[in-house]
Amino acid sequence: MTSSSFESSSAALPGVATAERGLRQRLTSIFGGSVGNLIEWYDFYIYSAFSLYFAKSFFPSDNPIIEQLNTAAVFALGFLIRPIGGWVMGMYADLRGRRAALSLSVTLMCLGSLIIALCPTYERIGVLAPVVLILARLLQGLSLGGEYGTSATYLSEVATSRHRGFYSSFQYVTLIMGQLLATMTLLVLQRLVLTGPQLEAWGWRIPFLCGAALAVFGFYMRRNMVETEAFQAEAARKTAHRPMRELLRHPKEIALVVGLTMGGTLAFYTYTVYMQKFLVNSVGLSRDQSTLISVSSLFIYMLLQPVFGLISDKVGRRPVLMWFGVMGTLCTVPLLTALTRTRDAFTAFLLVLAALVIVSGYTSINAVVKAELFPASIRALGVGLPYALTVSIFGGTAEYLGTWLKLRGHESWFFWYVSGCILCSLLVYAFMRDTQRQNRFD
């Protein structure tokens, strides 16, 4: 080797080492943020997964549909407070840092799960039991209200511009994984550990205790994450910062977040959270069959998120959103109608999976699209607050509205409602700019 080639290769080594350290740090940060996100969503979804078993403990009734309607109403309340969480935690993240907000978020979720796990039943303390349950769900709603916007902001900011869609898709990978873990916990307890009466009597408390313990681990992971360069650059400017006032200067972007979210969040909660009850109450499958279908379809759905995120990095965000908008508008009513007419578990699985492939066009990239709309100074608030408002109105009420319309004998109206909301979002996708090419990161 000549001296000149030796010198050039030596000079290149520090650059390679720096790049490797940067990649490791980025992957570690993404892992830390994603694990915390997984734990938060597990804690939130175990309520829905186990509501078939603990509904009687808080809302005793002779009609199981009425019991489910009451628990669905409490589930919706957890969403209705999410805008407050998106507002408070979003401002906190933009003022004090993404890491601090994410750590606070997982702490609130831990407290909510612990309260539910230890709460006495209606038989023991009467009406105080559902009151305590509601308070615990409000805490969890506050937590998730801040989690989404801050997590989306964090993952988008630590990603490279060429792979931002791919990296940020892991927010929904861990979100779905949290939901999958909640459903798998139910499946294990159903099949291997406890009987149905044991689950109804006390077994439903186990996953809430596990969730509280996992949240402690999530807090530790988040306290050791690095802060994003985008926030550090904003903090270094030391200028007067009023997030809400700045956010109101971006009315178009706020409206875009609402339009982007409306159809997607309703479809997501219809085919994931509500689907387990739908398969039991409307399709006529057993609880075990509905749980197995949910686990299988959610696992494949989870694997699809990075694929769609990677596609968006290659072809743009807008074509992927258009896929969801067009297919969701055309296929929602036929898919849900076909589900109500089948009694075969495998056919039901294929129909649910087909719906989730369509919804992946929204869930895989919705976080990065919203983050790309706002500057770093208000990114967490800009993503979190309008998103939380829209999810509260459309996503959080999906289970309640679907159950209520079934009780009234008009279940098919719900199918058309979902399709109509997706159509509204499709109109937004059709006329918006492609944020991969025009965004506030560059």
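## A tour from salt bridges to core and surface

A search of the whole of this predicted model finds six salt bridges, and the tour begins with some of them before turning to the nonpolar core and the surface.

**First selection: Arg 98 and Asp 94.** Show the side chains of Arg 98 and Asp 94, which meet in a salt bridge with an N to O distance of 2.7 Å. Both partners, Arg 98 as well as Asp 94, are buried, so a surface representation is best switched off for this view, given that buried stands for under 20% relative accessible area.

**Next: Arg 164 and Glu 372.** Select Arg 164 together with Glu 372, whose salt bridge has its closest N and O atoms 3.5 Å apart. Because Arg 164 belongs to helix H7 (residues 164-168) while Glu 372 sits in the loop between helix H18 (366-371) and helix H19 (379-395), this pair ties together parts that are 208 residues apart in sequence. Arg 164 and Glu 372 are both buried. Add Asp 313 and Arg 317 to the selection, and what appears is a network of salt bridges that links Arg 164, Asp 313, Arg 317 and Glu 372.

**Then: Lys 277 and Glu 399.** The side chains of Lys 277 and Glu 399 meet in a salt bridge at 3.6 Å, N to O. This pair links distant parts of the chain, with Lys 277 in helix H14 (residues 275-283) and Glu 399 in helix H20 (residues 398-407), 122 residues apart. Lys 277 counts as buried because its relative accessibility is 3%, and Glu 399 counts as buried because its relative accessibility is 5%.

**Stepping back to the whole chain.** Colour by secondary structure, and the protein shows 21 helices and zero strands. Of the contacts in the protein with a separation of 6 or more, 87% are between residues 24 or more positions apart. Buried residues make up 58% of the 442 residues in the protein.

**Into the nonpolar core.** In soluble globular proteins, nonpolar side chains tend to be buried together. Here the largest nonpolar core has 103 residues, and the members that touch the most others are Phe 50 and Leu 339. Helix H1 (residues 3-58) contributes the largest share of this core, twelve residues. Centre the view on Phe 50 and display what surrounds it: leaving aside neighbours within four places in sequence, Phe 50 is in contact with Ala 182, Thr 185, Leu 186, Leu 189, Leu 199, Trp 204 and Pro 207. Apart from the largest core lies another, of eight residues, which can be located by selecting Ile 30, Leu 102, Tyr 154 and Tyr 167, these four being among its members.

**Out to the surface.** Turn the surface on again: the protein exposes about 17700 Å², of which carbon and sulfur atoms supply 67%. Which residues form a nonpolar patch on this surface? Select Tyr 122, Ile 125, Val 127, Leu 128, Val 131 and Leu 135, which form such a patch and have about 520 Å² of accessible area together. Helix H5 (122-125) and helix H6 (128-158) each supply at least two residues of the patch, and H6 gives the most, with three.

**Last stop: Val 131.** Within the patch, pick out Val 131, which is found in helix H6. Is Val 131 buried or partly exposed? Val 131 counts as partly exposed, because its relative accessibility is 38%, a value that lies between the 20% under which a residue is called buried and the 50% over which a residue is called exposed.

Conventions. Residues are numbered from 1 along each chain as its sequence is written. This is a predicted model: local features need pLDDT of at least 70, side-chain atom pairs count only at pLDDT 80 or more; totals for chains, interfaces and linings use all residues. Side-chain values use heavy atoms; hydrogens and water are left out. A nonpolar core is a set of buried Ala, Val, Leu, Ile, Met, Phe, Trp, Tyr and Cys residues joined through side-chain atoms within 4.5 Å. Buried means under 20% relative accessible area, exposed over 50%, partly exposed in between (1.4 Å probe, protein chains only). Helices (H or I, at least four residues) and strands (E, at least two) are DSSP runs, numbered from the N terminus. Contact means heavy atoms within 4.5 Å. Accessible areas come from the Shrake-Rupley method with a 1.4 Å probe; for residues, only the protein chains shown count as cover. Patches are made of residues with over 30% relative accessible area and no salt bridge: like charges are joined within 9 Å, nonpolar side chains (Val, Leu, Ile, Met, Phe, Trp, Tyr) within 5 Å. A salt bridge is a side-chain nitrogen of Lys or Arg within 4 Å of a carboxyl oxygen of Asp or Glu.
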